[in-house]
Amino acid sequence: MTDAEPGKSPDNPWPVRAVSTRVAKYIDKLGTIWVEGQIAQLNLRPTVAFIMLRDPAADMSLSVVCPRDLVENAPVELAEGVQVIMFGKLAFHTARGTVSLRVSEIRAVGLGELLERIERLRKLLEAEGLFDPRLKRPLPFLPHTIGLITGRASAAERDVVFIAQSRWPAAQFEIRNTAVQGPNTVSQVVDALRELDADPDVDVIVIARGGGDIDALLPFYDETLCREIARCTTPIVSAIGHEPDNPLCDLVADVRAATPTDAAKRIVPDAAAEQAGIRDLCRRGGRALRNWVHREQHHLDQLRSRPVLAAPLAAITARSDEVHRARAAARRDIARLVAAEADRVEHLSARLGTLGPAATLARGYAVVQTLPDAFSTGRVLRTTADAPSGVRLRVRVADGAITAVSDGPEGDIE
């Protein structure tokens, strides 16, 4: 049976020296590289300088070793927070098990190059919609608790707290003191943002810092910080620097304040101004109500002064007289019409009386009728043929009727 490959089984392990030697050989194959970062620590020794190079967007760092003369003769004065580009070769120290970058050249990131990078980042964030005004969240009128991220014992902290509480004494703060300059700024501010954003009592978060040059404000141009602000659900107020300063986090935040003092004025209302406004509104409301009442009273007075309302029964009285006159006229007309018709009826009655059978009989005439029998009905005699001999007749005169028997026509009698 053959032995297992070294390092692949507990029976045939590699010693530490073998592992360290192989790691050193592997790192050595990487060759020389250019590295960019911020100086977090700088320790000068008589002949050598030890530098801690930090990534501003992540909590990662790299040890750098270089000759002291290289630091002293650098194109810019090297100090903590300076952005640099270094050229060197990675080396693995087998004795300590650490990796360091042995630098042979140091370059500072020029202002022009830095501004160009910022502009590229600005265009990228703008293209992704992080600056879209439609995504901006409105600030609450009266926040329950105000989250404040700023430097410890800084003027920005004093300005925000003093101005806010002088405007609204009940204002409460949750303050997170972080670095606001240097390589640790981004990571600390991001952690504070996440903590305050997760607090349900915090209604608005203010990031405040005083003014400074582009190098001092560089952390607030960082992509990681800008994206973290965009991810927050709590409204963010950015108060970085003074009016001319405009870092990228101002564009991502929901509200940009020109100064920390301006931020305090934006997040809480002025109690005195609000009370004055309420008093003014009360005065204006009372004046408007009184004017409305006066207008309505004047309108009612005008309506009451009209004749129809001043004497509401006058129209009825006038119409009543007209009705009485109309009724009297109608009665007169009806009386005249009835009298005329009565006269006409009387005249017709007289004429009928004159022309009627009774009047004729009164003048000496008589009506002769045959009496009805079993064979015929009675009828008025019109000709002599209607009354042959022996027919019984009824003779009606003015005062009554008599019966007679016909002897036939006169010619037949002779």
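Okay, let's start with a little cluster: Glu119, Arg122 and Glu126 are joined up in a network of salt bridges. By salt bridge I mean a side-chain nitrogen of Lys or Arg within 4 Å of a carboxyl oxygen of Asp or Glu.

Before I go on, a word on what we're looking at. This is a predicted model, so local features need pLDDT of at least 70 and side-chain atom pairs count only at pLDDT 80 or more, while totals for chains, interfaces and linings use all residues. Residues are numbered from 1 along each chain as its sequence is written, and side-chain values use heavy atoms, with hydrogens and water left out.

So, how many salt bridges does the structure hold? The count is 20. Let me walk you through a few of them.

Take Glu174 and Arg176, which form a salt bridge with their closest N and O atoms 3.1 Å apart. For accessibility, buried means under 20% relative accessible area, exposed means over 50%, and partly exposed is in between, using a 1.4 Å probe and protein chains only. Arg176 is buried, because its relative accessible area is 19%. Glu174 comes out at 29%, so Glu174 counts as partly exposed.

Next, Glu322 and Arg319 make a salt bridge, again with 3.1 Å between the closest N and O atoms. Why are these two separated by about one helical turn? Because they sit 3 residues apart in helix H11, residues 314–355. When I say helix, I mean a DSSP run of H or I with at least four residues; strands are E runs of at least two, and both are numbered from the N terminus. Arg319 has a relative accessible area of 54%, so Arg319 is exposed, and Glu322, at 38%, is partly exposed.

The third pair is Arg194 and Glu228, whose side chains meet in a salt bridge at 3.3 Å, N to O. This pair links distant parts of the chain: Arg194 is in helix H5 (residues 185–198) and Glu228 is in helix H6 (residues 223–231), 34 residues apart. Buried or exposed, what is Glu228? Glu228 has 7% relative accessibility, so Glu228 counts as buried. Arg194 is partly exposed, at 47%.

That brings us to helix packing. Two packed helices are described by the angle between their axes and the distance between the axes. The axes here are lines fitted to C-alpha atoms, for helices over the stretch in contact, and the angles run from 0 to 180 degrees between N-to-C directions.

For H5 and H6, the axes come within 10 Å and cross at roughly 5 degrees. The two helices are therefore roughly parallel to each other. The cut-offs go like this: under 35 degrees is roughly parallel, over 145 roughly antiparallel, 65 to 115 roughly perpendicular, and the rest oblique. On the H5 side, the contact is made by Val186, Val189, Val190, Leu193 and Arg194, and on the H6 side by Thr224, Leu225, Glu228, Ile229 and Arg231. Contact, by the way, means heavy atoms within 4.5 Å. Notice that our salt-bridge partners Arg194 and Glu228 are both on that list.

Now a second helix pair. H4 (residues 155–167) and H8 (residues 260–267) pack at an angle of about 30 degrees, with their axes 8 Å apart. That makes H4 roughly parallel to H8. Which residues make the contact? From H4 we have Ala156, Asp159, Val160, Ile163, Ala164 and Arg167, and from H8 we have Pro260, Thr261, Ala264 and Lys265.

Let's look at the loops on either side of H4. Ala153 is in the loop between strand E6 (145–150) and H4. Its phi is near 55 degrees, a positive value in a residue other than glycine. Ala153 counts as exposed, because its relative accessibility is 60%.

Then there's Ala171, in the loop between H4 and strand E7 (173–177). Ala171 is buried, with a relative accessible area of 9%. Leaving aside neighbours within four places in sequence, Ala171 is in contact with Ile146, Ala164, Gln165 and Val268.

Last stop: Leu139, in the loop between helix H3 (111–127) and E6. Leu139 is partly exposed, at 24%. Again leaving aside neighbours within four places in sequence, Leu139 is in contact with Val204, Pro235, Val237, Val255 and Arg266. And how far is Leu139 from Gly390, C-alpha to C-alpha? They are separated by 140 Å, and along the chain they are 251 residues apart.
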